[in-house]
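Hi,

Here is the model I promised to pass on. Have a look at it first, and my notes follow underneath.

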Amino acid sequence: KWSISSRSAAAPSSSSTSSSFAFPFFSKPRERVSTSPPTRPPSSRLTILYRLFQYILRKKPAQPRSRSRPPPPPPAAPLYSSQYNTYFAPPPVVRIPPVAPMYSSPVSKWFPSSSSQSRTRARKTPSRESWFRRRPAPISNSYHGAARNVQDGLITMAAFLGTERSNVDVDLVVLMAHLQAACKQIATVLASPRELQQESSSPYETPPFSPSFGDDPRPMITISNNILQTALRSSGKVAAMSSEADDAPTWFGDDGPYVVVFDPLNGSPEFDHHTTPTSTIFGVYHRILEADHLPLGQKATINVMQRGERLVAAGYVLYSSATILCISVGSGLYGFALDTELGEFVLTHPDIRIPERGHIYSVNDGRYFDWPLGLRHYVDSVRQGRGQNRRRYSSRYMASLAADLHRTILYGGIIMNPSSQLQLVHEVNSVSFLVEQGGGRAIDGRRRILEIQPTHLHQRLSLFVGSRGDVSELEAYGDVQQVINIHPDYDDDDDEL
Ligand SMILES: O=P(O)(O)OC[C@H]1O[C@](O)(COP(=O)(O)O)[C@@H](O)[C@@H]1O
């Protein structure tokens with residue numbers, strides 16, 4: 001019954017169910033279960049290869065190809081204009097080519113630095129384009145079309161205000177659109193004598209004017225004032241406005257939810273001859289509904305003479321080598337530059353924070369001997385590096401408020417106008433609001449500006465504004481407001497110049 005079996009007989013076959021060890025030579029012959037003819041099983045190596053090929057060549061069941069695409073974006077919401085009592089289609093999406101980085105140095109392009117340190121630094125500093133792209137592109141329900149410009153790499157002012165991030169009421173977006181359009185027009189007129197000539201002969205009530213500025217010594221103020229007034233009226237969003245150039249406020253109508261105060265063209269009297277930068281400064285308040293029942297003149301005055309802390313938005317447009325717009329809608333300070341090719345203000349400085357300390361002071365030094373002792377001591381000490389900062393301060397003075405302000409919010413420092421020269425309602429409140437939104441401080445020497453209740457429309461006061469640390473240091477000197485040699489009327493001061 002016992003036989004010598006072959007080695008192969010002991011090898012596991014596909015039909016065999018037994019997995020027990022079989023001694024190769026003296027094993028009991030097994031009963032065949034399979035009925036198929038016996039085949040020679042492949043050697044173990046061949047088995048592995050065979051299985052491997054089987055595995056590789058195994059045909060996978062065909063996957064059904066998905067043809068579904070991401071759902072199309074929701075249709076842009078139309079923009080409602082209460083002025084025309086109708087909906088406007090959103091603006092078409094225009095593809096704008098990316099803008100080249102602003103300050104690309106040709107030298108670094110030709111001789112790329114090989115040091116790993118500078119390469120790391122270069123990587124850390126994002127280019128202007130990538131910087132725009134890194135920001136998320138929030139889509140607003142109210143201003144969907146404009147917000148799409150974000151995806152094209154540029155954030156225009158309209159897109160910025162339309163995003164949910166800035167949380168701005170659509171009426172304010174419309175008002176700001178009219179304001180910025182007016183400022184673009186002023187910029188064009190300022191830059192072109194031909195435009196200036198045309199504006200002076202336009203239907204605006206501009207006084208007779210000659211190119212030599214002979215009839216009206218400051219025609220640009222009148223022209224800018226008229227451009228702004230027309231824009232505000234046509235926005236349909238303004239109930240009342242007051243301009244530094246007007247004697248009394250203007251009431252447009254009870255429909256407008258906002259009140260606007262502005263200085264149409266702030267700056268040194270020399271700007272008519274293009275020697276200094278100039279600016280438009282504006283502030284926006286809500287209309288005081290409780291005053292609606294009052295007579296026109298009364299309610300207009302009450303509305304435009306609100307405290308600065310009630311401002312909803314403020315801004316300035318600086319007409320300089322570039323046209324710069326800085327605004328706040330109550331949640332930070334943002335800077336835009338006019339892209340002359342696009343004709344749009346494009347976001348260049350998001351969320352500006354004024355440095356806690358600077359090393360620049362800005363004041364008309366020519367009035368040094370009119371200053372009170374506190375102010376003299378302060379300026380003497382920072383000039384000599386004996387202030388809290390232990391740095392010798394530099395002096396910069398443009399004699400143009402927004403120009404000095406723009407430098408101060410970017411580099412820090414302090415602007416001082418110790419005489420009662422600047423107007424609380426039309427310029428100082430807006431400037432103070434912007435500076436506080438950027439983390440700085442604004443005082444009149446004793447009080448926080450935004451808490452001062454205006455007592456008359458053209459009220460003037462001292463202004464000390466800038467980096468928090470610098471303004472606080474000056475405040476500690478106490479006696480900083482100029483009270484001697486104040487011209488009773490600033491306009492007389494103009495004549496001197
Ligand atoms: O020449 P001064 O007396 O230093 O005054 C300069 C200041 O006067 C202003 O030009 C005032 O201009 P406005 O008359 O338009 O308000 C400021 O812009 C500037 O800060």
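Let me start with a small one: is C326 buried or exposed? C326 has a relative accessibility of 0%, and the cut-off for buried is under 20%, so it counts as buried. C183 gets the same label, because its relative accessibility is 1%. If you were wondering about sulfur bridges, there are zero disulfides in the structure. Bear in mind throughout that this is a predicted model.

**The ligand**

I guess this is the part you will open first. The shell around the ligand has 15 residues, and the ones that come nearest are N266, N364, Y397, L401 and Q421. By type, the shell splits into six nonpolar, six polar and three charged residues.

Where does the shell come from? Strands β5 (258-266) and β13 (414-423) each give at least two residues to it. The largest share is that of β5, with three residues.

Three side chains have polar atoms close to ligand oxygens, and here are the distances:

- Q421: an N or O atom of its side chain is 2.9 Å from an oxygen atom of the ligand.
- N364: a polar atom of the side chain sits 3.0 Å from a ligand oxygen.
- E244: here the distance from a polar side-chain atom to an oxygen of the ligand is 3.3 Å.

As for cover, the ligand on its own has 480 Å² of accessible area, and the protein covers 91% of that.

**The eight-stranded sheet**

Next, the sheet that β5 belongs to. This is an open sheet of eight strands with mixed pairing, and the order reads β4-β3-β5-β6-β7-β8-β9-β10. Its edges are β4 (250-251) and β10 (344-349), each of which pairs on one side only.

I spent some time on the β8, β9 and β10 end. Strands β8 (323-328) and β9 (334-339) run antiparallel and are joined by four bridges. Within that pair, L325 has F336 as its bridge partner, and I327 is opposite Y334. The hairpin that links β8 and β9 has five residues between the strands, and G330 in that hairpin adopts a positive phi near 95 degrees.

On its other side, β9 pairs with β10, again in the antiparallel sense, this time over five bridges. L338 of β9 stands opposite F345 of β10. The hairpin of β9 and β10 has four residues between the strands, with G343 at a positive phi near 75 degrees.

How many of the six residues of β9 are buried? Six of the six are. That holds on both faces: Y334, F336 and L338 are buried on one side, and G335, A337 and D339 are buried on the other.

**The five-stranded sheet**

β13, the other strand in the ligand shell, sits in a second open sheet. Its five strands follow the order β12-β11-β13-β15-β14, and the pairing is mixed here too. The edge strands are β12 (394-395) and β14, each pairing on one side only. β11 (360-362) and β12 are parallel neighbours with two bridges between them, and one bridge matches I360 with S394 in β12.

**Two loop residues**

Two last residues that you may want to click on:

- G412 lies in the loop between α13 (401-411) and β13. With a relative accessibility of 2%, G412 is under the 20% cut-off and therefore counts as buried. G412 and S467 are 55 residues apart in sequence, yet their C-alpha atoms are 5.3 Å apart in space.
- Q459 is found in the loop between β14 (441-443) and β15 (460-466). Q459 also counts as buried, because its relative accessible area is 12%. Its side chain reaches the backbone nitrogen of T455 at a distance of 2.7 Å.

That is what I have so far. Over to you!

Cheers

Conventions
Residues are numbered from 1 along each chain as its sequence is written. This is a predicted model: local features need pLDDT of at least 70, side-chain atom pairs count only at pLDDT 80 or more; totals for chains, interfaces and linings use all residues. Side-chain values use heavy atoms; hydrogens and water are left out. A residue is near a molecule or strand if one of its heavy atoms lies within 4 Å of it. A polar contact is a pair of N or O atoms within 3.5 Å; within protein, one must be able to donate a hydrogen and the other to accept it, and residues adjacent in sequence count only if both atoms are side-chain atoms. Accessible areas come from the Shrake-Rupley method with a 1.4 Å probe; for residues, only the protein chains shown count as cover. Ala, Val, Leu, Ile, Met, Phe, Trp, Tyr, Cys and Pro count as nonpolar, Asp, Glu, Lys and Arg as charged, and the others, Gly among them, as polar. A disulfide is a pair of cysteine sulfur atoms within 2.5 Å. Buried means under 20% relative accessible area, exposed over 50%, partly exposed in between (1.4 Å probe, protein chains only). Two strands pair if DSSP finds at least two bridges between them.
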